Amino acid sequence: MNWDLLLSFVPQLVAGLPVTLSILVCSLAIGLVLGALLCWARMRRAPVIAQAADFYVLFFRGTPLLVQLFAIYYGLGQFEVVRDSFAWPLLREAWFCAVLALGLNSAAFTSEIMRGGIIGVERGQIEAAEAYGFSRLQIARLVLGPQAVRFALPSYSNETILMLKGTALASTISIMDLTGIARKLSALHFAPFESFIAAGGIYLVLAMVLTLSYSAIEKRLAWERERKTNVSPV
Amino acid sequence: MSAATTRLSVQNLSKSFGSLRVLHDISLAADEGQVITIIGSSGSGKSTFLRCLNLLEVPDGGAISLDGRPVAYSSNAHGLKVTKEVRALRTALPMVFQSFNLWRHMSVRDNVAIAPIHVLGKPRAEANERAHDLLVRVGLGERMHFYPHQLSGGQQQRAAIARALAMEPRALLFDEPTSALDPELVGEVLKVIEELAAAGNTMLMVTHEMGFARNVSDRVIFLDQGRVAESGTPEELFDAPRTERAAQFLASVM
């Protein structure tokens, strides 16, 4: 392995970080908003809407992300309605298609994670809030939300890292993200090992930063764990 | 107590779970400052009755009046409609639960102050100060920044009592407040409740502590299979039960 070559790839690969990270952040944002709506629809069990949400989750969890990405990027353009629509300038863009596919996919998983967090909250916690006159919104904001976030965070941390790695699929639709640049360098220098090891290293660093950030947040929210650290009262 | 006014009254309250009728036409009136204890074997409907009073369970029928004013309630497919009126009833009748149900993601002080701030609209500083005073009153002044899990069961229940008092309640509801406690912690909680009774709070309590019920109650109600089988002063009920069922029950628990 040529270490000098590998090191020389690093700055070029880092130039692809804004693309990778912008896809990650935007798709996670879509996932959170749409995931919350799906979670609400599924838990309220309103007829039709709940079944539609169930089907959505089944569909996006049950098919490969790459297939979803290809269907959106290559598939949608085949319909004239889509080409004529206001959304076409966006749907023509590879970056937008990647964000859309990853976001729609993440929404399915995020809704499940949220549901798990909400189910984890003890009934008595909600009941106490009801008994003290909290409105539905206040229960969500002051009791259910904070506790559900605490329960959902470990799974959501996992989802974030899966999505980070999922962004690599964007390179298959001509996007010059980290992996896209690695593929280019590999072909240019006939050095696949060096270029992909360097890219892998950068993903690893990103994943570590995410993991550490999440465990820091988890520690801040971990009200049970304080017993062990023996906090002294102020 | 001769000039006492009725604080809380219930007329013909009934409740079924599916086809099982758990409460049959229960009527009751609690006068200002009165302590009413509800006893009965498990499954007699006593907790359900208490939970109907603040509409945690929705009665099938029956009228609830607070300070002489009837409280309107109705339900739809999603359950009870939580109207302003229902919320006002609940803040007036805060409940102390068997398993405390303190909010586990907040300090004890925040547990006591949060409903006054967000539900009663009290200024934060005032609510926090009052929370502190109440926690001192139940012997937890030093622990107000602890989280519930850092406290013993008895301490948690005392904090839960402070949380109820912070609502400036019209009456307090106690649902088996000592049943989840280790035996050696029961006394400290009963002592606090006893002080509240002595201070003139109107209280309705479901309990299995017969000696305690006898000491603090103005009136004891014996529920049997969802009906008021007998009611009277503690002396009447404990010393000379008039019904076979009450005599049997008392013999089995005392």
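**Two chains at a glance**

Chain B has 254 residues, and a compact globule of that length would have a radius of gyration near 18 Å; the value for chain B is 18 Å, so the two agree. Welcome to this predicted model. Below is a short tour of chain B, followed by the two domains of chain A and how they meet.

**Chain B**

- The C-alpha trace of chain B spans about 50 × 45 × 40 Å along its principal axes.
- Chain B contains nine helices and twelve strands.

**The domains of chain A**

- Domain 1 of chain A is made of two stretches, 1-16 + 177-227, while domain 2 covers 17-175.
- Between the C-alpha centres of domain 1 and domain 2 of chain A there are 24 Å.
- Their contact draws 23 residues from domain 1 of chain A and 22 residues from domain 2 of chain A.

**Where the domains of chain A meet**

- Together, domain 1 and domain 2 of chain A bury about 1,900 Å², with 68% of that area on carbon and sulfur atoms.
- Zero salt bridges are counted between domain 1 and domain 2 of chain A.
- Seven residue pairs, both at pLDDT 80 or more, are in polar contact across this interface of chain A.

**The domain 1 side of that interface**

- Helix H1 (3-14), helix H10 (178-189) and helix H11 (192-221) of chain A are the elements that each give two or more residues to the side of domain 1 that touches domain 2.
- H11(A) gives the most to this side, with ten residues.
- By class, this side of domain 1 of chain A has 14 nonpolar, four polar and five charged residues.

Note on methods. Residues are numbered from 1 along each chain as its sequence is written. Chains are lettered from A and ligands numbered from 1 in the order in which they are written. This is a predicted model: local features need pLDDT of at least 70, side-chain atom pairs count only at pLDDT 80 or more; totals for chains, interfaces and linings use all residues. Side-chain values use heavy atoms; hydrogens and water are left out. Domain bounds come from an automatic or database domain assignment. Contact means heavy atoms within 4.5 Å. Buried area is the accessible area (1.4 Å probe) that two parts lose on being put together, summed over both. A salt bridge is a side-chain nitrogen of Lys or Arg within 4 Å of a carboxyl oxygen of Asp or Glu. A polar contact is a pair of N or O atoms within 3.5 Å; within protein, one must be able to donate a hydrogen and the other to accept it, and residues adjacent in sequence count only if both atoms are side-chain atoms. Helices (H or I, at least four residues) and strands (E, at least two) are DSSP runs, numbered from the N terminus. Ala, Val, Leu, Ile, Met, Phe, Trp, Tyr, Cys and Pro count as nonpolar, Asp, Glu, Lys and Arg as charged, and the others, Gly among them, as polar. The radius of gyration is taken over C-alpha atoms; the globule rule is 2.2 Å times the number of residues to the power 0.38.
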